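Student: Could we go through a structure together, so that I learn how to read its features?
Tutor: Yes, let us take it one feature after another.

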Amino acid sequence: MLKLNALRPPLSRSLSLTLHSDSVSPHRNYATSMSNKKLLFRQLFEKESSTYTYLLADVSHRDRPALLIDPVDKTADRDLTLAKELGLKLIYAINTHVHADHVTGTGLIKTKVPGVKSVISKASDAKADLQIDAGDRIYFGDLFLEVRATPGHTQGCVTYVTGDGLDQPQPRMAFTGDALLIRGCGRTDFQGGSSDQLYQSVHSQIFTLPKDTLIYPAHDYRGFTVSSVEEEMLYNPRLTKDEETFKSIMANLNLQYPKMIDIAVPANMVCGLQDVSAKPAEAFSS
């Protein structure tokens with residue numbers, strides 16, 4: 001269970017971080033317009049499941065603490081190598097939800113980097129070192145992510161939003177998982193999904209953020225890398241509709257059963273923990 005940190009702002013629980021990691025990304029750093037240069041940000045891609053993994057670190061902090069959002073098992077070594085090359089100390093490997101289309105890299109990362117904590121929402125009922133709730137804050141150095149509950153794709157979906165404050169990155173960044181995709185959204189027909197919930201989640205928890213907030217989803221299938229709250233409020237072909245029209249759209253998608261779901265969901269309910277004979281942890285320590 002998480003414990004309150006008396007040194008942090010009231011009414012929020014905090015996670016403290018420590019870190020090691022590796023990987024290489026062709027994507028630009030979209031956070032360069034922020035008012036301070038504390039945040040190192042990398043967007044990484046796994047092509048088979050079209051999954052984005054995000055690496056964030058506080059490079060102004062002495063320990064250069066970092067975290068990974070939605071790592072994939074197949075690219076865990078890449079991500080750990082990148083973190084090591086950048087001189088980061090990986091503390092957290094966190095998931096936005098229990099994925100059905102790939103196995104999370106969280107468990108594999110834990111076998112290679114001692115001390116990394118796995119994180120997932122308590123509402124997901126999945127196993128992790130730390131289970132978070134809406135309103136919690138995940139600190140890495142002096143930066144933090146705010147946790148917002150955004151169920152609908154699954155019951156346990158959350159969105160991680162960079163902090164609001166003069167010492168936090170600007171514009172803000174929202175890591176929306178499958179709740180909000182670029183010009184789309186996650187399906188709602190399995191894993192406790194609900195189109196009613198998803199519509200309410202996006203409109204109350206994401207579309208209420210500042211309009212210049214950058215949207216970074218867990219997947220993209222058309223080559224988009226980033227959007228904004230304002231863009232999705234104007235151009236998202238599903239979520240710009242009224243709720244009844246949205247529910248009708250979602251009920252008539254007729255999507256195929258995910259080919260990885262029978263493997264991915266059971267594995268991801270234990271945060272991808274697996275018995276692997278991989279490279280020794282020392283190879284990835286910073």
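Student: Which residue just after α1 takes a positive phi?
Tutor: G87, just after α1, has a positive phi of about 70 degrees; helices (H or I, at least four residues) and strands (E, at least two) are DSSP runs, numbered from the N terminus. This is a predicted model, in which local features need pLDDT of at least 70 and side-chain atom pairs count only at pLDDT 80 or more, while totals for chains, interfaces and linings use all residues. Residues are numbered from 1 along each chain as its sequence is written, and side-chain values use heavy atoms, with hydrogens and water left out.

Student: Which residues of helix α1 are buried?
Tutor: In α1, residues 76–85, the buried ones (under 20% relative accessible area, with exposed over 50% and partly exposed in between, for a 1.4 Å probe and protein chains only) are A76, D79, L80, L82 and A83. Seen down the axis of α1, these buried residues fall within an arc of 160 degrees, taken from the directions from the helix axis to the C-beta atoms, so they line one face of the helix.

Student: How is a pair of aromatic rings described?
Tutor: One gives the distance of the centres and the angle of the planes. Rings of Phe, Tyr and Trp (its six-membered ring) pair if their centres lie within 6.5 Å, and planes under 30 degrees apart count as stacked, over 60 as edge-to-face and the rest as tilted. By this rule the count comes to ten aromatic pairs. The rings of F41 and Y54 have centres 5.9 Å apart and planes at 10 degrees, so this pair is stacked. F41 lies in strand β2 and Y54 in strand β3, 13 residues apart, and both are buried.
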